[in-house]
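Colleague: Got a minute to walk me through this one? I'd like to ask a few quick things while we both look at it.

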Amino acid sequence: MSHRLSYASGESAVGLLGQAIGANLEEAAAAHPDHEALVDCPTGRRYSYADLLGWSQQVARALLAAGVGPGDRVGIWAPNCAEWVAVQFGTALMGAVLVNVNPAYRTSELAYVAGQSRMKVLFSASAHRTSDYRAMVEEVAPTVVTLEQVVYLGEEEWERFLSRAVEVAPEELSRVSAGLSFDDPINIQYTSGTTGFPKGATLSHHNILNNGFFVGELLGYGPTDRVCLPVPFYHCFGMVMGNLGAVSHGSTIVIPAPVFDPAATLRAVEIERCTSLYGVPTMFIAELAVDGFAGFDLTSLRTGLMAGSPCPVEVMKRVRDEMHMGEVGIAYGMTETSPVSTQTRADDDVERRTATVGRVMPHVEIKIVDPATGRTVPVGETGEICTRGYSVMLGYWDEPEKTAEVIDGAGWMHTGDLAVMRDDGYVNIVGRIKDLIIRGGENIYPREVEEYLYTHPDVADVSVIGVPDPRYGEEIAAWIKLRPGAEPLDVEAVRRFCTGRIAHQKIPRYVRLVDEFPMTVTGKIRKVEMREVTSRELGVDGAFGPTA
Ligand code: AMP
């Protein structure tokens, strides 16, 4: 029986990078200007490191010409594309804070984040599949008082915007870049909030450059690596672990498709000879199920990462054996910690690499505490996992009280995840304290869905839960109590009410009309019981999920 406490600090022979993101890209471009930095498969465009730097500098100068300065907020609302990467590095070079907007957001969510961040410029896709971004932006933009300019990526507005770069001399950009500090905020990533509105996790150059760099270090990245990224850039999995992880090692970013497409991902790996592939478990499950999977040549793959929600051991095994990803790892983290706190190592044995989320990242500390007392629990016991170090966000944008609820006086970020540390320092995530649903790797707080459904005139009360789902990990179920005399609502009617207003992944898959909710004596809705009932009715196993 061990009495060692569940605490670990990440040792490293390699130090933290003490530079801004732009300086890191400049170094990579100076070291190998002609090496391929970025491949956009859907359009066939290819960019060397010199091209990517030149393009990003053009974006940076055009932003300065448009009157945007360091610290101003610049939004991006688009599926993955080469321009996304140029905007990421362009804003980093001149110090504007990039605000990532989830492409699945709809009008009410866009209006909130643009207003809350006091966004000055928005880069937006014009359309993708059934999403008419231009129409949604035109509806929302007049309500955002700070918004001065919208630039539609790849359209005439984008060319016109870029053409203004000539108004700002390269020396002027160098002067602005040299004035940046690596502790400045450079990115706001909105994460779902328990309070109903998303909160803007505000991250510095130091936070995300180092996290991306060490993710790449642990995967053994170098210039010969080609990293296939079907994960979205608006999320840290794409823009930090992917883009920054690759660029900080002179590796190549490969964009297989604008949004996740399993067959296009396999095609990109085959044609581009990718060495690394990222995904949430749902993505790997879909790739393994593609028609003609066995016909794809995936032998170039060496490594990759699965993260974002619990990674089933069986899926890990198939990824290793059938996708040739012998060195594939698992990472655990959250947006507020840049994101990764633990990761498996390339030389870990199979058990550690498939059945745990790894051990603490270099230069990061973790501990596991009893949520009731805050005391660190002995190794082997369950508690809330907390993270401290360079990776902890600066705070939630403009919400100091919300920040103080999650980062304590000693600098620990309280994750809301339940974990166990083993004797060897490896960690398992066993549940969640927070009332969070993870559907296909996307976080959804029930409260966000509930608040929207409350606006339906026939809804008297509503409670939303996650129920297990073999494909997405979890699916959304809403229990609805109707107003007296209201016509019964079915799942189709609820779907119609939500479509176009809230992101599609938040729309309930199941609706159950009830007269009452199961309550505790203190009057709290017993979501655990709701989950059991619905899981039983649907015939699914309810093993993982919030414990309270
Ligand atoms: P996000 O802020 O979108 O990155 O989501 C963070 C949350 O995803 C964490 O707080 C966990 O609940 C969950 N999560 C991330 N990685 C893992 C993993 N490897 N295993 C289990 N849950 C995970």
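Colleague: Which residue follows helix 8, and what is the sign of its phi?

Modeller: G220 follows helix 8, and its phi is positive, near 70 degrees. Bear in mind that this is a predicted model.

Colleague: And how far does helix 8 reach from its first C-alpha to its last?

Modeller: Helix 8 has 14 residues and reaches 20 Å, close to the 20 Å expected at 1.5 Å a residue.

Colleague: How many of the residues in helix 8 are buried?

Modeller: 13 of the 14 are buried, so helix 8 is largely enclosed by the rest of the structure. H205 lies in this helix, and H205 is buried with a relative accessible area of 1%.

Colleague: What does H205 touch?

Modeller: Leaving aside residues up to four places away in sequence, H205 touches Q19, A20, I21, A92, L180, S181, F182, D184, I186 and N210.

Colleague: Let's zoom out. How many helices and strands are in the protein chain?

Modeller: The protein chain has 17 helices and 26 strands. Its radius of gyration is 23 Å, close to the 24 Å that the globule rule gives for 548 residues, so the chain is as compact as a globular protein of that length. Along the principal axes, the C-alpha atoms fill a box of roughly 65 × 60 × 55 Å.

Colleague: What share of the residues is buried?

Modeller: Buried residues make up 59% of the 548. As for the outside, the accessible surface comes to about 20900 Å², and 52% of that belongs to carbon and sulfur atoms.

Colleague: What about contacts between residues 24 or more positions apart, what percentage do they account for?

Modeller: They account for 71% of the contacts with a separation of 6 or more.

Colleague: OK, sheets next. In what order do the seven strands of the open sheet run?

Modeller: The order is 7-6-4-5-8-9-19, and the pairing is mixed. Strand 7 (149-152) and strand 19 (395-396) are the edge strands, each pairing on one side only. Within that sheet, strand 4 (residues 73-77) and strand 5 (residues 97-100) pair in the parallel sense over four bridges. R73 stands opposite V97 in strand 5.

Colleague: Now strand 11. Which strands pair with it?

Modeller: Strand 2 (residues 36-40) pairs with strand 11 in the parallel sense over three bridges, with D40 opposite I255. Strand 10 (residues 226-228) also pairs with strand 11 in the parallel sense over three bridges, and there R226 stands opposite T252. From strand 10 the chain crosses through helix 9 (residues 236-247) to strand 11, in a right-handed β-α-β crossover.

Colleague: Which way do the residues of strand 11 point?

Modeller: T252 and V254 point one way, I253 and I255 the other, and all are buried. That fits the usual pattern: in a regular strand the side chains alternate between the two faces of the sheet.

Colleague: Last one: what should helix 17 span?

Modeller: At 1.5 Å a residue, the 12 residues of helix 17 (residues 527-538) should span 16 Å, and the end C-alpha atoms are 16 Å apart, which agrees.

Colleague: Which residues in helix 17 are buried, and what covers them?

Modeller: K527, M530, R531, V533, T534 and S535 are buried. Their cover includes helix 15 (446-454), strand 24 (459-469), strand 25 (473-482) and strand 26 (510-513).

Colleague: And what follows helix 17?

Modeller: G539, with a positive phi near 70 degrees.

Methods: Residues are numbered from 1 along each chain as its sequence is written. This is a predicted model: local features need pLDDT of at least 70, side-chain atom pairs count only at pLDDT 80 or more; totals for chains, interfaces and linings use all residues. Side-chain values use heavy atoms; hydrogens and water are left out. Buried means under 20% relative accessible area, exposed over 50%, partly exposed in between (1.4 Å probe, protein chains only). Helices (H or I, at least four residues) and strands (E, at least two) are DSSP runs, numbered from the N terminus. Two strands pair if DSSP finds at least two bridges between them. A crossover is right-handed if, with the strands pointing away from the viewer, the path from the first strand over the helix to the second runs clockwise. The expected span of a helix is 1.5 Å times one less than its number of residues. Contact means heavy atoms within 4.5 Å. The radius of gyration is taken over C-alpha atoms; the globule rule is 2.2 Å times the number of residues to the power 0.38. Accessible areas come from the Shrake-Rupley method with a 1.4 Å probe; for residues, only the protein chains shown count as cover.
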